[in-house]
Amino acid sequence: MTPQPIAEPAFVTDAAAAWETTGPGVRRKVLAHGPDLMLTRVAFEAGGVGARHQHPHAQLSYVESGVFEYTIEAETHTLRPGDSCYVPPLAWHGVACIEAGVLVDAFTPRRDDFLS
């Protein structure tokens, strides 16, 4: 198997990645990514909402800090630091922030719509 080329840039420091406001009380920064995988951080103020939506990408979410009500399809769970979840492609999902915090999200393939 031939290795794929390294994504540009191969290394991303948190300090160098810019925040983008995505809604009231919600901002996102894109971290390392290649064509098949992307890592992001999403910071929420208490009361911030990641509106219900769907996309063709598989997604993993990891709670770095805070408390979130995370809904995938019709199932809702309270997630706390260290918890995680898997969102299948095309599944309707959304999140409400109960206590300010940060989600670390991984997508496969990369979310090209997040790149400017």
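**A walk through an all-strand fold**

Buried residues make up 39% of the 116 residues in this protein, where buried means under 20% relative accessible area. Keep in mind as you look around that the model is predicted.

Let's begin with the secondary structure. There are zero helices here and eight strands, so if you follow the sequence, the pattern you read off is β-β-β-β-β-β-β-β. How compact is the protein? Its radius of gyration is 14 Å, close to the 13 Å that the globule rule gives for 116 residues, so the protein is as compact as a globular protein of that length. Measure out the C-alpha trace along its principal axes and you get spans of about 45 × 30 × 25 Å.

Now for what touches what. Take the contacts with a separation of 6 or more: 60% of them come from residues 24 or more positions apart.

For a bit of local detail, zoom in on the start of the chain's strand S1 (residues 20-23) and its partner, strand S2 (residues 26-34). These two run antiparallel, and three bridges join them. Within this pairing, Thr21 stands opposite Arg27 in S2. The hairpin has two residues between the strands, and Gly25 takes a positive phi there, near 75 degrees. As a general point, side chains in a regular strand alternate between the two faces of the sheet.

Finally, step back to the outside. The accessible surface comes to about 6900 Å², and carbon and sulfur atoms account for 59% of it. As for charge, the protein has 8 positive and 14 negative charges, and their mean positions are 3 Å apart.

How values were computed. Residues are numbered from 1 along each chain as its sequence is written. This is a predicted model: local features need pLDDT of at least 70, side-chain atom pairs count only at pLDDT 80 or more; totals for chains, interfaces and linings use all residues. Side-chain values use heavy atoms; hydrogens and water are left out. Two strands pair if DSSP finds at least two bridges between them. Helices (H or I, at least four residues) and strands (E, at least two) are DSSP runs, numbered from the N terminus. The radius of gyration is taken over C-alpha atoms; the globule rule is 2.2 Å times the number of residues to the power 0.38. Buried means under 20% relative accessible area, exposed over 50%, partly exposed in between (1.4 Å probe, protein chains only). Contact means heavy atoms within 4.5 Å. Accessible areas come from the Shrake-Rupley method with a 1.4 Å probe; for residues, only the protein chains shown count as cover. Lys and Arg count as positive and Asp and Glu as negative; His and the chain ends are not counted. The place of a charge is taken as NZ of Lys, CZ of Arg, CG of Asp or CD of Glu.
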